[in-house]
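Hi,

Here is the structure I promised to pass on. Please have it open while you read the notes underneath.

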Amino acid sequence: MDTSAKPKKIGILTAGGDCPGLNAAIRGVGKTAIVEYGMQVIGFNAGFSGLINNDYIELKESQLSGILTLGGTILGTSREKPYKLVKDDNSDKHKPEKIIENYKNLNLDCVVCIGGNGTMKTASMLSKEGLNIIGIPKTIDNDVWGTDVTFGFDSAVQIATDAIDRLHTTANSHQRVMIIEIMGHHAGWLALYSGLAGGGDIILLPELPHNIRSVCKNIEARYEDNKPYSIVVVAEGISHHKNKSAASHIAQAIQTYTGIETRETVLGYIQRGGSPSPMDRILATRYGAFAAQCIAEGCFGSMVAIKQNELTTIPLEEVGGKLRLVKSDLSLIKKARKMGVSFGDEYL
Ligand code: F6P
């Protein structure tokens with residue numbers, strides 16, 4: 001690579017819900033951009049808010065050292081959506097214009113947007129405005145369209161699996177039904193993977209409609225089969241009464257229909273916190289280093305992606321606004337069913 005060419009200046013931002021591996025990705029982009037390509041790197045604070053308000057920090061190579069294992073994001077994040085209020089609120093109509101102005105005044109050659117589906121949608125719109133944008137997919141939900149895997153997912157699977165493991169012993173001691181609610185927004189990937197890894201007996205996913213009577217029949221059949229406790233893994237996105245958590249809705253229904261003592265756990269933000277797993281450190285590093293290479297090669301308007309473990313790119317406009325959801329005919333689900341795992345739809 002010819003580094004004698006005019007040095008480029010790039011910005012990095014992290015947007016949407018945080019997840020383990022964001023700092024590894026920032027480090028991957030930044031170090032490669034500086035060391036390999038001689039670029040100047042800045043980091044915008046708090047997602048797209050930083051880009052709107054010209055709020056940024058210089059990222060020298062030394063500042064990118066020692067952050068690989070850190071959870072969260074050194075840049076901060078927010079759910080700011082610069083295009084969202086354009087229709088309803090005139091006061092916000094200048095946000096995209098402010099972004100374009102700041103991008104030009106800072107002499108940026110590219111902004112790397114690290115985020116999930118919402119971030120990729122905004123990234124795609126900014127790209128259509130003529131800015132050079134590269135997206136990097138992150139989220140514990142693993143639901144970004146166009147890639148096989150997002151970083152953050154593996155760490156969250158580990159945390160959720162550990163929690164489910166711990167529920168087994170207390171469920172067994174008290175012979176209870178334990179409900180655990182797992183994050184994932186509209187997608188069931190995290191509940192499915194942690195549920196299977198943690199030996200969940202019943203796994204309820206937003207993508208597979210369940211029937212509470214079927215869930216209860218399964219629990220009763222387990223008791224009759226001398227299995228005196230049950231673990232029910234519930235994705236937060238299953239349809240339920242809005243004023244209750246999904247876990248509490250399912251727990252109440254099970255206790256009412258079966259009469260078996262039932263307890264609920266909502267795992268919550270623990271799933272997003274702490275140090276990334278080794279696999280997420282590697283994945284975020286691969287994505288980050290590849291994003292810097294894409295900038296050097298001028299491959300803008302795209303998201304870096306993994307397909308069959310190979311790095312590739314996909315146009316941002318193909319990604320924006322879509323979700324990658326669990327399919328009911330997924331081979332993992334079929335195999336789990338054959339082993340007696342219930343998805344709450346067996347007696348429909
Ligand atoms: O997208 C990650 C995620 O943790 C989802 O699993 C969850 O539904 C959502 O973010 C929570 O959002 P917030 O951080 O805004 O509470």
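Below is what I found, starting with the overall layout and then turning to the ligand.

Please keep in mind that this is a predicted model.

The protein chain is split into two domains. Domain 1 covers 3-152 + 276-307, and domain 2 covers 156-272 + 327-338. Taken over C-alpha atoms, the centres of domain 1 and domain 2 are 35 Å apart. The two also touch: eleven residues of domain 1 are in contact with ten residues of domain 2.

Where is the ligand in relation to the domains? Both domain 1 and domain 2 give residues to the shell around the ligand, so the ligand lies between them. As for pockets, the ligand sits in the largest pocket.

If you would like to find the site on screen, the residues around the ligand are R79, T139, I140, D141, M183, G184, H185, E236, Y269 and R272. By type, this shell is made up of four charged, three polar and three nonpolar residues.

Some distances to oxygen atoms of the ligand may interest you:

- Y269: an N or O atom of its side chain is 2.4 Å from a ligand oxygen.
- E236: here too a side-chain N or O atom is involved, 2.5 Å from an oxygen of the ligand.
- G184: a backbone N or O atom lies 3.1 Å from a ligand oxygen.

On its own the ligand exposes 390 Å², and the protein buries 73% of that.

Happy to go through any of this with you.

Best wishes

Note on methods: Residues numbered from 1 in each chain as written. Predicted model: local features only at pLDDT ≥ 70, side-chain atom pairs only at ≥ 80, totals over all residues. Heavy atoms only, no water. Near = heavy atom within 4 Å. Polar contact = N/O pair within 3.5 Å; in protein donor to acceptor, adjacent residues only side chain to side chain. Areas by Shrake-Rupley, 256 points an atom, 1.4 Å probe, with all protein chains shown as cover. 1 Å grid on protein atoms, 1.4 Å probe; cavity = no way out; pocket = protein on both sides within 12 Å on 5 of 7 lines; lining within 4 Å. Sits in = over half its atoms within 2 Å of the grid points. Nonpolar A, V, L, I, M, F, W, Y, C, P; charged D, E, K, R; others polar. Domains from an automatic or database assignment. Contact = heavy atoms within 4.5 Å.
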